[in-house]
Amino acid sequence: MKKSARDGISAAVFLLPYGILYAVFILWPVVFGAYVSLYKWNMMGAEDFVGFTNYVNMFTDGSFWEAMGHTFLFVVITTPIYIVFAFLLALLCNRETIFKRFYRTVYFMPYVLSVSVVSYLAVFMFQPYTGLINTTLHMLGVSGEPFWLANPTLAWIVIMFITMWWTVGFNMVLYVAAMQDIPDELYEAASIDGASRARMTFSVTIPMIKPTTGVIFLLQVIASFKLFAQPYMITSGGPGTATRPIIQYIYETAFKKNNLGYASTMSYALFIVLLIFTLIYQVLSGRKARAEK
Amino acid sequence: MTASTFNGKHYSIPIDTHCYAIFYNKTMLKAAGMVGSDGKPNITLGNNGQGFIDYLVALKSKLPSGKFALAETEKGDDVYRFWFSIYNQLGGKNFISADGKTCKIDTEKAVKAINYMKDLWTKYKVIPENLDNNHFPDQFQNQNAALMLNGVWSIYTMANTNGLDFGVIPFPKLFDNASAWGDSHNLILPKQKNLDKGREEAALTFMNWVAENGAIWGQAGHIPAYTPARESSAYTSLPGRSDLVNAVSSVVFPSQSAQTWPCKQIIYQNLETVLNGSVQPDAAFKTIEEQINKQLKS
């Protein structure tokens with residue numbers, strides 16, 4: 001047998017275990033979900049074939065649009081903030097100080113916690129009357145009692161803040177790696193030309209890590225669209241439905257309202273949104289790459 | 001047993017009733033002088049719920065600073081349970097029609113119920129605002145709250161709290177009826193494709209044993225469904241239970257519909273917005289009716 005054929009076979013054998021799990025648990029549900037979305041389907045199984053009725057109903061479902069709106073709001077507000085903070089922290093972690101290793105560890109550590117732990121931390125910190133934040137505010141002389149988890153605006157701030165604390169370390173590490181790949185000669189050349197530190201950051205660092213910024217942007221947007229566990233555990237999507245993201249609405253429709261057909265429909269809507277976003281992103285970054293050549 | 005019978009057929013074996021009740025801290029109430037000669041809170045019943053309000057306001061004024069009268073949450077299932085109890089006391093019945101297809105809420109009584117509740121937070125301030133729905137019982141457990149509205153299932157935790165001398169009374173008759181929210185755990189046998197008679201009989205023997213030995217289950221706080229178990233000394237000798245034996249007669253169970261849980265969530269999600277002031281009660285119940293009707297059609 002030719003070597004390349006042997007290599008091909010051993011590659012396939014190594015990929016097979018993961019491939020099987022991927023096909024069964026990721027690819028198959030995607031296909032099956034489309035099938036379920038055409039039915040009235042409950043926990044006991046399929047009921048009636050309804051064709052595109054679920055899709056039509058989705059467009060007039062106020063709760064669907066509200067939940068989508070919340071998720072969009074989260075994506076649009078947090079993506080730039082998280083990327084900027086990851087970049088700033090990476091700058092801090094890249095400077096030659098004695099605390100360099102300490103900073104890197106400390107800012108990355110929250111990422112290893114599970115989302116349940118992070119959510120409960122948020123609840124205990126921001127609880128009224130006895131939470132850490134409010135008792136600290138009272139010690140500092142603040143007399144009011146901010147209801148962090150009951151006021152919709154404050155609740156969103158809590159969710160965005162705790163998610164940032166939890167996940168910024170990951171993007172920061174990607175940036176640190178990218179920054180270390182920047183050749184020192186560029187900085188030397190810049191300082192010979194009389195550039196200040198700030199100028200160097202803007203004209204050397206940021207352009208050189210642009211590919212990483214692109215990847216982080218794509219990953220961050222997709223991850224933000226999948227927002228569910230934190231609001232679910234911190235505010236249950238409340239008060240009322242003020243902090244309910246689309247995935248929570250899908251979850252409630254499937255498992256609380258026993259309507260898996262409609263839930264699958266909405267999952268597909270979300271999938272299409274992310275697909276369109278990714279395609280636009282690919283086209284734009286492909287165009288840019290060609291322009292730069 | 002009536003609740004587990006549908007169209008003349010038995011569908012499940014009830015093992016308990018668990019209902020809404022008032023927990024009271026004996027130490028705190030005695031110190032405030034708010035107990036009757038029987039050691040229970042001397043709440044004046046009826047008078048359109050005013051008696052309860054007066055009691056809570058008086059209690060609040062007599063408690064030391066840092067303590068408060070009543071622990072209850074403005075979020076989640078407990079909002080529904082509190083509202084449902086008052087709604088039924090006012091004469092509203094179950095909100096799903098007998099045929100299970102439409103929502104029938106008596107809006108006037110529904111609004112009256114939620115306004116009564118809301119005043120306890122905003123007008124009389126006898127309940128601190130925004131207590132967490134999972135952790136508000138902690139306030140009773142820590143002896144910050146003199147009273148707590150909760151289901152009887154909390155009895156076990158409270159009974160095992162050191163230093164907490166408490167009692168439980170069924171949800172009192174504040175309005176026209178002595179109704180309280182309640183539900184029931186039932187044992188069922190799912191329909192099998194191939195029925196093994198031997199296993200079915202074994203399962204039924206077990207279910208029977210569970211019902212008869214309800215006093216053991218009752219240690220968790222639930223009220224046994226099987227009458228001899230409920231009236232047995234094994235059950236009634238448990239702390240606080242003797243007051244609950246008759247609670248079962250005023251319990252209002254949910255409608256016999258597969259949709260009560262989704263509808264319950266619709267109700268409390270909308271009631272939360274009334275309690276936090278962002279939606280007016282009339283508008284909220286209009287939304288509730290629309291959403292429940294949509295849910296019942298799906």
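**Exercise 1. Burial and overall form of the two chains**

Of the 293 residues of chain A, what percentage count as buried? Determine this for the predicted model, and then describe chain B in like manner.

*Solution.*
Step 1. In chain A, 28% of the 293 residues count as buried.
Step 2. The secondary structure of chain A comprises 13 helices and two strands. Its C-alpha trace spans about 80 × 75 × 35 Å along the principal axes.
Step 3. Of the contacts in chain A with a separation of 6 or more, 66% are made by residues 24 or more positions apart.
Step 4. For chain B, 44% of its 298 residues count as buried. Twelve helices and eleven strands make up its secondary structure.
Step 5. The radius of gyration of chain B is 20 Å, close to the 19 Å given by the globule rule for 298 residues, so chain B is as compact as a globular protein of that length.
Step 6. The C-alpha atoms of chain B fill a box of roughly 65 × 45 × 30 Å along the principal axes. Residues 24 or more positions apart supply 71% of the chain B contacts with a separation of 6 or more.

**Exercise 2. Confidence and the interface**

State the confidence values for the complex and for chain B, then describe the contact between the chains.

*Solution.*
Step 1. The predictor assigns the complex an ipTM of 0.84 and a pTM of 0.88.
Step 2. The average pLDDT of chain B is 90, and 100% of its residues score at least 70.
Step 3. At the interface, 13 residues of chain A are in contact with 16 residues of chain B. On the chain A side, these residues divide into five nonpolar, six polar and two charged.

**Exercise 3. Two helices with little cover**

Where in helix H1 of chain A does the kink lie? Compare the cover of H1(A) and H7(B) with the help of their buried-residue counts.

*Solution.*
Step 1. Helix H1 of chain A runs over residues 3-36, and its kink of about 45° lies at A:Leu16, shortly before the proline A:Pro17.
Step 2. Among the 34 residues of H1(A), the count of buried residues is one, and the helix is hardly covered.
Step 3. Helix H7 of chain B (residues 197-212) has 16 residues and reaches 22 Å from its first C-alpha to its last, close to the 22 Å expected at 1.5 Å a residue.
Step 4. H7(B) is likewise hardly covered. The count of buried residues among its 16 residues is one.

**Exercise 4. Backbone exceptions**

Identify residues with a positive phi and a cis peptide bond, and locate each in its chain.

*Solution.*
Step 1. Most residues other than glycine have a negative phi, and most peptide bonds are trans.
Step 2. A:Ser236 has a positive phi of about 55° although it is not a glycine. This residue sits in the loop between H11 and H12 of chain A.
Step 3. With 19 other C-beta atoms within 10 Å, A:Ser236 is partly exposed, because the class of buried residues begins at 20.
Step 4. The peptide bond between A:Gly238 and A:Pro239 is cis, with omega about 0°. A:Pro239 also belongs to the loop between helix H11 (229-234) and H12 of chain A.
Step 5. In chain B, B:Lys125 has a positive phi of about 50° and is not a glycine. Its place is the loop between helix H4 (107-122) and helix H5 (136-141).
Step 6. B:Lys125 counts as partly exposed because it has 15 C-beta neighbours inside 10 Å.

**Exercise 5. Surroundings of two residues**

Is B:Phe136 buried or exposed? Which residues does A:Asn258 contact, apart from its neighbours within four places in sequence?

*Solution.*
Step 1. B:Phe136 lies in helix H5 of chain B. It counts as buried because 25 C-beta neighbours lie inside 10 Å, and 20 or more suffice for that class.
Step 2. Leaving aside neighbours within four places in sequence, B:Phe136 contacts B:Ala71, B:Glu72, B:Thr73 and B:Leu131. Its C-alpha atom is separated by 9.6 Å from that of B:Leu149, 13 residues apart along the chain.
Step 3. A:Asn258 is found in the loop between helix H12 (246-256) and helix H13 (260-292) of chain A. With 18 other C-beta atoms within 10 Å, A:Asn258 is partly exposed.
Step 4. Outside its neighbours within four places, A:Asn258 is in contact with A:Asn42 and A:Met43. The C-alpha atoms of A:Asn258 and A:Asn42 are separated by 5.3 Å, although these residues are 216 apart along the chain.

Terms used. Residues numbered from 1 in each chain as written. Chains lettered and ligands numbered in written order. Predicted model: local features only at pLDDT ≥ 70, side-chain atom pairs only at ≥ 80, totals over all residues. Contact = placed C-beta atoms within 7 Å. Nonpolar A, V, L, I, M, F, W, Y, C, P; charged D, E, K, R; others polar. Bend = angle between axes of the 7 residues up to and from the residue. Helix = DSSP H or I, 4+ residues; strand = E, 2+ residues; numbered from the N terminus. Buried ≥ 20, exposed ≤ 12 C-beta atoms within 10 Å, placed from the backbone. pLDDT = per-residue confidence, 0-100. Expected span 1.5 Å × (residues − 1). Rg over C-alpha atoms; globule rule 2.2 N^0.38 Å.
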